[in-house]
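Look at the model from its N-terminal end and follow the chain. The paragraphs below take up a loop, a helix pair, a covered helix and then some single residues.

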Amino acid sequence: MESIPARPGAATAPGDIRRVATAIRRRVLEHTLENNGGYLSQACSSAEILATLYLGVMRLGPSTAPPIPRPFAGVPGADNPHAFTGADYNGAPAPELDRFIFSPVHYALVLYSLLIELGRLGPDALDAFNRDGSTVELIGAEHSPGHEVTAGSLGQALSQAGGIALARRLRGERGRVWVFMSDGEFQEGQTWEAFAALAHHRLGNIGIYVDANAQQCDGPMDTVMTTEPLAARLRAFGAEVREVDGHDPVALAAAGEGVGEDGLPRVVIARTDPCRGIDRLRERWPKLHYVRFKNEAEFNLYRGLLAGLSEGDA
Ligand SMILES: Cc1ncc(C[n+]2csc(CCOP(=O)(O)OP(=O)(O)O)c2C)c(N)n1
């Protein structure tokens, strides 16, 4: 049987990653039905990427955070000793361990669902989803489970991750910095400025996975503003680029190998399908960014799909 050895001491079979990915889609669909709205196509596109990062790429310690997320304790500041980030769901920081920076924070429910599947977050954690005073935010922020920075204004997290990567290198830490981004963020100038800085400082300890689902909130990327040829542009900015099928855990894990060993930032462009695993979503194309159901018939249709998803062959 194939296995993915990237995470030391814990080889994960691709089948396990696929099962986790299916469970993510199921939970996100369930919540989209419950709340009549959700970032469902993002679960379809990114489930294998995020599951592979956690199970086959990143070196993280066990969660040190409570299974039921803490309420919001205010923004960080000199006068607020109670503020916290959600990074402790990714384990305590250690020089040899990796850090994870989650950039397109409207994907938050996808990350929470993954953390639940991995036992890093309790199964009831989503009871507080999108409630006032809760950290389990619809649009995640630094206090939300699994998040380390506030990135709701898209395109900023990579710059923050670059600063963390530079600081880690200056301290002699061997742990890497992994960033998850969406393709819409490559329409923003700050992203390219960040890449110029990563290349200038030769930050080879940073790896970036991009969910290239070819969609953004106003529709298909190529009609709003194309970012192609993305790989060539990134190479021109000094990155080492791999392009893979974003639903293939083996290819995704292999594309992250060797990060931390040379002087170039690594970008994995994961080509994905925003309807993967929930084929009926194609009927809604190109309006996929935020899914809401229009009538009882549609609710019933998607409720019916839930059962199929639990059998798990997305
Ligand atoms: C700086 C900034 N501009 C605009 C927005 C509004 N916005 C929220 S999600 C989104 C789409 C971003 O593209 P992507 O994440 O690739 O879309 P998806 O695949 O989730 O549809 C936009 C423009 C934002 N959050 N931040």
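Asn36 sits in the loop between helix 1 and helix 2; helices (H or I, at least four residues) and strands (E, at least two) are DSSP runs, numbered from the N terminus. The model is a predicted one: local features need pLDDT of at least 70, side-chain atom pairs count only at pLDDT 80 or more, and totals for chains, interfaces and linings use all residues. Residues are numbered from 1 along each chain as its sequence is written.

Asn36 is not a glycine, yet its phi is positive, near 40 degrees. Asn36 counts as exposed because it has 11 C-beta neighbours inside 10 Å. A residue is buried if 20 or more other C-beta atoms lie within 10 Å of its own, exposed if 12 or fewer, and partly exposed in between, with C-beta atoms placed from the backbone.

On either side of this loop are helix 1 (residues 14–34) and helix 2 (residues 40–57), which pack at an angle of about 145 degrees with their axes 8 Å apart. Axes are lines fitted to C-alpha atoms, for helices over the stretch in contact, and angles run from 0 to 180 degrees between N-to-C directions. Ile17, Ile24 and Leu29 are among the helix 1 residues that take part, and the helix 2 residues include Leu40, Ala47 and Leu55. Two residues are in contact if their C-beta atoms, placed from the backbone, lie within 7 Å.

Val57 is in helix 2. Val57 counts as buried because it has 28 C-beta neighbours inside 10 Å. The C-alpha atoms of Val57 and Val259 are separated by 9.8 Å, although the two residues are 202 residues apart along the chain.

Which elements help to cover the buried residues of helix 3? They include helix 1, helix 2 and strand 1 (99–102). Helix 3 (residues 108–117) is mostly covered, with ten of its ten residues buried. After helix 3 comes Gly119, whose phi is positive, near 75 degrees.

Further along, Ala214 lies in the loop between strand 3 (206–212) and strand 4 (215–216). Ala214 is not a glycine but has a positive phi of about 65 degrees. With 19 C-beta neighbours inside 10 Å, Ala214 counts as partly exposed.

Two peptide bonds remain. The bond from Glu228 to Pro229 is cis, with omega near 0 degrees, and Pro229 is in the loop between helix 6 (221–224) and helix 7 (230–236). Trp285 and Pro286 are also joined by a cis peptide bond, with omega about 10 degrees.
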